Amino acid sequence: MLRGHAGEPEHVLVLETVGAEPRRRLLRRRGGAKRVSEEPELATVPVTVATLIAATPLSDHDVAAAWLEGADLTAEVHAAVAVLNTVLHAERLVRTDPFVREIAAEQALAIRVGIGNGEDVAHGHWAEARALPPAATAPKKRERALRPQERFAALLAGRDVALAAEELTLRARLDLDRGRTREAALQLRIALEAALAELQAWSHHEEMATRLAELRDERAVVGAAANRALEGGLDAQQVEDVGRILSRLEAALIARVAGGLD
């Protein structure tokens, strides 16, 4: 049972792993490597099925069917993924395991939105459901400087470098998109300082020099938002500022690659 801040039930989350090898067999295999044949059998890959059920039921089947017919299914999927990511974020914290990661809807093997009785739905049985292709739930991609394959090849071949600011900026974006505005503000301060230092090597280009000057002018705003994050929640203007400056920082990092700056 997932509850809101006031303790009111909001959702019931049911998690089931299918296709996993029995735990007793796994326990017997511990203690050393095992020789395999030249063509080993393919292992069964476990799949996690997550079912999110609204805690407040609709009044009857006809009302539920009307809701399903008129619902924005993509929006429902993204709302459900946001709830699931809240659970995963909590698990990462309590396990102190940075490798527990959040997910995106387009990574799913199958997505369904449907209606049914609580017990039936919890066990994967629907009275009525709609299937969505995962690709249909993919968010609009941000502007790309190069096709990913080209940048990937350049990094592996040593023709380009990965900046610390790029990774830090991605972390800030994830926090902001997930509604963790305090974390986003703190992450943005570090990402901004890293970018100002690392992009200085390209400041002899007029466009980059202009972008860096604009970002330097935002230092005070970012610092104030980060300081407020240490004290508590950001106000609406500061959240807007964090989003605006983060977008500028992303644009500067993209411009370095898109312009072929050396």
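## A buried acid and its partner

D175 is buried, with a relative accessible area of 10%. In this predicted model, its side chain isn't left without a partner: D175 makes a salt bridge with R180, and the closest N and O atoms sit 3.0 Å apart. R180 has a relative accessibility of 11%, so it counts as buried too, the cut-off being under 20%.

As a general point, side chains of opposite charge can pair when their charged atoms come close.

## Other salt bridges

Searching the whole structure turns up 19 salt bridges. One of them joins the side chains of R173 and E250, at 2.8 Å from N to O. That pair ties together distant parts of the chain, with R173 in helix α6 (residues 164-177) and E250 in helix α10 (residues 236-258), 77 residues apart. Both ends are out of the solvent's way by the accessibility criterion: R173 is buried, and so is E250.

Helix α10 shows up again in the next pair. R244 forms a salt bridge with E218, where the closest N and O atoms are 2.6 Å apart. This one also links distant parts of the chain: R244 belongs to helix α10, while E218 lies in the loop between α8 (206-217) and α9 (219-231), 26 residues away. How do the two ends differ in burial, buried or partly exposed? R244 is partly exposed, at a relative accessible area of 34%, whereas E218 has 8% relative accessibility and so counts as buried. Then there's a network: R92, E102, D175, R178 and R180 are joined into one by salt bridges that share partners.

## Overall make-up

Zooming out, the protein has 10 helices and five strands. Of its 262 residues, 29% are buried. Among contacts with a separation of 6 or more, 67% are between residues 24 or more positions apart. The exposed surface comes to about 17,500 Å², and carbon and sulfur atoms supply 54% of that.

## The sheet and a nonpolar patch

Three strands make an open sheet, ordered β1-β2-β3, with antiparallel pairing. The edges are β1 (2-3) and β3 (47-54), each of which pairs on one side only. Between β1 and β2 (residues 9-18), the antiparallel pairing runs over two bridges, and L2 stands opposite H11 in β2.

Edge strand β3 is also where V47 sits. Together with V18, V49 and L109, V47 forms a nonpolar patch on the surface, and the four share about 320 Å² of accessible area. Why does V47 qualify for a patch like this? Its relative accessible area is 31%, which makes it partly exposed and puts it just past the over 30% cut-off for patch residues.

## An unusual backbone angle

Worth a look on the backbone side is T96, whose phi is near 50°, a positive value in a residue other than glycine. Most residues other than glycine have a negative phi. T96 is in the loop between α3 (73-95) and β4 (111-115). Is T96 buried or exposed? At 67% relative accessibility, T96 counts as exposed.

## How confident is the model?

The average pLDDT for the protein is 88, and 89% of the residues score at least 70. Where is confidence lowest, and where is it highest? The low point is helix α1 (residues 23-28), with a mean of 52, and the high point is helix α7 (residues 181-198), at 98.

How values were computed
Residues are numbered from 1 along each chain as its sequence is written. This is a predicted model: local features need pLDDT of at least 70, side-chain atom pairs count only at pLDDT 80 or more; totals for chains, interfaces and linings use all residues. Side-chain values use heavy atoms; hydrogens and water are left out. Helices (H or I, at least four residues) and strands (E, at least two) are DSSP runs, numbered from the N terminus. Buried means under 20% relative accessible area, exposed over 50%, partly exposed in between (1.4 Å probe, protein chains only). Contact means heavy atoms within 4.5 Å. Accessible areas come from the Shrake-Rupley method with a 1.4 Å probe; for residues, only the protein chains shown count as cover. Two strands pair if DSSP finds at least two bridges between them. Patches are made of residues with over 30% relative accessible area and no salt bridge: like charges are joined within 9 Å, nonpolar side chains (Val, Leu, Ile, Met, Phe, Trp, Tyr) within 5 Å. pLDDT is the predictor's confidence in each residue, from 0 to 100.
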